[in-house]
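Welcome! Open your viewer, get ready to select residues by number, and follow along one stop at a time.

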Amino acid sequence: MSASKRISGNYRIILIAGIGLGLTVLLYLINQEILAGVAIILFGTLLLGTMISADAAKHARPLMLANLSANHREIILENAGTKAAEKIVVTAAGIENPWHVDILQPDETTKLALPTMVTSLIVEVTYQAQDGARKSKAFSLGKQEQEQDIFKPVFPIFGWKGKE
């Protein structure tokens, strides 16, 4: 059993804050202000990372994403969340039969074959989290928006890049 498993989340945060504060005060008292500043930044970063990971573990949930494959013949379904998604139903506009996926673990992908090649497609992904809440999300796949020039001024002046 590792040390991080033996100490619960709140006590770990208090322990890191206490050690960091103690080391900072000690370094400051022995006239090492620069090292005290470095210590406070390092322990502050460590404390913030511990708090974020504890919060992520406490509020785990699935995050479903859908994309169209490069050859436009498959839907790529991915769970980018921190919890498994169950009873996934993917329906697509213009396609009669929906796809069913039993479970999709975190950081796992699956590919769903399309009957024909498509240029654009709207799909709805409905899934159930392990706590029982059913959620749905719609995705517009394959529609490539025109790339906007990030250097184009908001108010075109001096005939910027010619007239349109």
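Before the first selection, here is a term you will need: a residue counts as buried when its relative accessible area is under 20%, as exposed when that value is over 50%, and as partly exposed in between. Keep in mind too that you are looking at a predicted model.

**Stop 1: Q128**

Select Q128, which sits in strand β6, residues 121-129. Is Q128 buried or exposed? Its relative accessibility is 15%, so Q128 counts as buried. Now show its surroundings: leaving aside residues up to four places away in sequence, Q128 touches A84, A85, E86, K87, A133 and R134.

**Stop 2: the whole chain**

Zoom out and color by secondary structure. You should find three helices and seven strands. Walking from the N terminus, you meet them in the order α-α-α-β-β-β-β-β-β-β. Of the 164 residues in the protein chain, 23% count as buried. Switch on a surface if you like: the chain exposes about 12,100 Å², and carbon and sulfur atoms supply 59% of that. Contacts also tell you how the chain folds back on itself: among those between residues at least 6 apart in sequence, 49% join residues at least 24 apart.

**Stop 3: helix α2 and its patch**

Next, select residues 9-29, which make up helix α2 and include L23. With a relative accessibility of 34%, L23 counts as partly exposed. Add L21, V25, L26, Y28, L29 and I30 to your selection; together with L23 they form a nonpolar patch on the surface, with about 710 Å² of accessible area in total.

Now pick L27, another residue of helix α2. L27 has a relative accessible area of 15%, so this residue is buried. What does L27 touch? Not counting residues up to four places away in sequence, the list is Q32, E33, L35, A36 and A39. Try the distance tool here as well: the C-alpha atoms of L27 and G37 are 9.0 Å apart, although 10 residues separate the two along the chain.

**Stop 4: the loop at N31**

Move on to N31, in the loop between α2 and α3. Most residues other than glycine have a negative phi. The phi of N31, however, is positive, near 60°. N31 is also exposed, because its relative accessibility is 57%.

**Stop 5: helix α3**

Select residues 33-58 to light up helix α3. How far apart are its end C-alpha atoms? They are 37 Å apart, which agrees with the 38 Å that 26 residues should span at 1.5 Å a residue. Within this helix, the buried residues are A36, A39 and T50. You have already met A36 and A39, since both are among the residues that L27 touches.

**Stop 6: N79 and D107**

Finally, select N79 in strand β2, residues 74-79. Its relative accessible area is 0%, so N79 is buried. Look for a polar atom of the N79 side chain: the backbone oxygen of L104 lies 2.9 Å from it. Beyond residues up to four places away in sequence, N79 touches P62, L63, M64, A84, A85, L104, Q105, P106, D107 and E108.

Click on D107 from that list. D107 lies in the loop between β4 and β5. This residue is not a glycine, yet its phi is positive, at about 60°. Is D107 buried or exposed? The relative accessible area of D107 is 64%, so D107 is exposed.

Conventions
Residues are numbered from 1 along each chain as its sequence is written. This is a predicted model: local features need pLDDT of at least 70, side-chain atom pairs count only at pLDDT 80 or more; totals for chains, interfaces and linings use all residues. Side-chain values use heavy atoms; hydrogens and water are left out. Helices (H or I, at least four residues) and strands (E, at least two) are DSSP runs, numbered from the N terminus. Buried means under 20% relative accessible area, exposed over 50%, partly exposed in between (1.4 Å probe, protein chains only). A polar contact is a pair of N or O atoms within 3.5 Å; within protein, one must be able to donate a hydrogen and the other to accept it, and residues adjacent in sequence count only if both atoms are side-chain atoms. Contact means heavy atoms within 4.5 Å. Patches are made of residues with over 30% relative accessible area and no salt bridge: like charges are joined within 9 Å, nonpolar side chains (Val, Leu, Ile, Met, Phe, Trp, Tyr) within 5 Å. Accessible areas come from the Shrake-Rupley method with a 1.4 Å probe; for residues, only the protein chains shown count as cover. A salt bridge is a side-chain nitrogen of Lys or Arg within 4 Å of a carboxyl oxygen of Asp or Glu. The expected span of a helix is 1.5 Å times one less than its number of residues.
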